[in-house]
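Thank you for sending this chain for comment. My notes follow as numbered points, each meant to be read beside the sequence and the structure.

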Amino acid sequence: MYFVDNQGQLDPSVNIALETFLLKEKILDEPILLFYINEPSIIIGRNQNTIEEINADYVEANKIHIVRRMSGGGAVYHDLGNFSFCFITKDDGDSFRDFGKFTKPVISFLHSVGVKEAELKGRNDLVIGEKKFSGNAMYATNGRMTAHGTILFDSDLDAVTSALKPRKEKIESKGIKSIRSRVTNIKPFVDEAYQNLTTEQFRDLMLLSIFDVETREEVKEYHLTDEDWKRVYEIREEYFGNWDWNYGKSPKFEIQKHHRFPIGSIEVRLNVEEGHIQQLKIFGDFFGLGEIKDVEDAFIGVKYAKEDILAKLKELDIKKYFGNVTAEELLEELY
Ligand SMILES: Nc1ncnc2c1ncn2[C@@H]1O[C@H](COP(=O)(O)OC(=O)CCCC[C@@H]2CCSS2)[C@@H](O)[C@H]1O
């Protein structure tokens, strides 16, 4: 096995592009182990509806990155107290039934540092008792696969819950829903000798354990070249650093919102496909003189992103349709 050092990259769109590069383009003669730590981010499953999984207000206020990954499954929160491990290898065909094969070296390491209760539960969670500290997923393409998972070592658990909190409004979609669990860090469970380790130091210990060596020098490593990094950044441009991939790839969805303003209430129904509004219906009882259908039509084809919707509202003479309601108030109804 080769270890690949990501050189301290903390941007999730770079890290996931690197993983994708190693999976699809850097075919080495042995499996690859990659670790990464991300700045606060939500990593969405391939077939999820981004809008449905994230707490948009919290994400905006805390500048959380949103990245859709290649593998299926649910949405997880990462911060500097969390790290991910990826085993990138030939696809032997059976692996999809067997997360155990990939999580075993992780669990052995955890047992060796005192986390005796760490175990695989169900298909893809690692837990201590009832609480999850690791979510796992797989993705295969062209005879190769990545089996990857998270480790909550010392994360902000309130942020995990708040960032992923479901929206209040009704959304209907065929997007894969996350399976929400109670979560825990593992730092409080490690032996005293390891209690003061940083996330990086703990990850480095896991590296030695997986390679079954005593020192970093003994770890067999593939060093990324400038050429490799160039491709990583190209892949990032095309996918993971791109709104069309991270948000736009969501399965089509319908969202319904209802709001009571002092002068009346409105209800909107929106259909969004490939990240763009396909249909908008507005029902309410305080309309001005303008034909509401003109507003509905004006939104067809608009990108379902906050800035784009606000720009469109400002472009329209909304007073004519909505009296004293402001563009910002209406934005709350549409996004
Ligand atoms: N970082 C982290 N680790 C473990 N569990 C988490 C985390 N963040 C959130 N959660 C909990 O898991 C559920 C979602 O569980 P669910 O089973 O729906 O999804 C997953 O586990 C996906 C794991 C993907 C792993 C990839 C590895 C490299 S990049 S991301 C969420 O609602 C929270 O309750």
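**Notes on the chain**

1. Within strand E4, His-65 is the bridge partner of Ser-41. I begin with this pair in a model that is predicted, not experimental, and the contact belongs to a longer run, since strand E3 (residues 41-44) and strand E4 (residues 65-68) pair in the parallel sense over 4 bridges.

2. Strand E3 also pairs with strand E5 (residues 76-78), here in the antiparallel sense and over 3 bridges. On this side Ile-42 stands opposite Tyr-77 in E5. As general background, strands of a sheet pair through backbone hydrogen bonds, in either a parallel or an antiparallel arrangement.

3. Which way do the residues of E3 point, and are they buried or exposed? Ser-41 and Ile-43 point one way from the strand, Ile-42 and Ile-44 point the other way, and all of them are buried. For the chain as a whole, 52% of the 335 residues count as buried.

4. A further sheet deserves its own point: 8 strands form an open sheet with mixed pairing, in the order E7-E8-E9-E10-E6-E2-E1-E12. Strand E7 (118-121) and strand E12 stand at its edges, and because each has a single partner strand, one side of each is left without a neighbour in the sheet.

5. Inside that order, strand E1 (residues 2-4) and strand E2 (residues 32-36) run parallel and are joined by 3 bridges. One pairing that can be checked on the display is that of Tyr-2, whose bridge partner in E2 is Ile-32.

6. Glu-214 lies in the loop between helix H6 (199-211) and strand E12 (221-222). Its relative accessibility is 70%, and it therefore counts as exposed, the cut-off being over 50%. Together with Asp-212, Glu-217 and Glu-218, Glu-214 forms a patch of negative charge on the surface.

7. Asp-156 is placed in the loop between strand E10 (144-152) and helix H5 (157-163). With a relative accessibility of 41%, Asp-156 counts as partly exposed. What separates the C-alpha atom of Asp-156 from that of Gly-81? The distance is 7.4 Å, although the two residues are 75 residues apart along the chain.

8. For overall orientation, the chain contains 12 helices and 15 strands, and its C-alpha trace spans about 75 × 40 × 35 Å along the principal axes.

Key. Residues are numbered from 1 along each chain as its sequence is written. This is a predicted model: local features need pLDDT of at least 70, side-chain atom pairs count only at pLDDT 80 or more; totals for chains, interfaces and linings use all residues. Side-chain values use heavy atoms; hydrogens and water are left out. Patches are made of residues with over 30% relative accessible area and no salt bridge: like charges are joined within 9 Å, nonpolar side chains (Val, Leu, Ile, Met, Phe, Trp, Tyr) within 5 Å. Accessible areas come from the Shrake-Rupley method with a 1.4 Å probe; for residues, only the protein chains shown count as cover. A salt bridge is a side-chain nitrogen of Lys or Arg within 4 Å of a carboxyl oxygen of Asp or Glu. Lys and Arg count as positive and Asp and Glu as negative; His and the chain ends are not counted. The place of a charge is taken as NZ of Lys, CZ of Arg, CG of Asp or CD of Glu. Helices (H or I, at least four residues) and strands (E, at least two) are DSSP runs, numbered from the N terminus. Buried means under 20% relative accessible area, exposed over 50%, partly exposed in between (1.4 Å probe, protein chains only). Two strands pair if DSSP finds at least two bridges between them.
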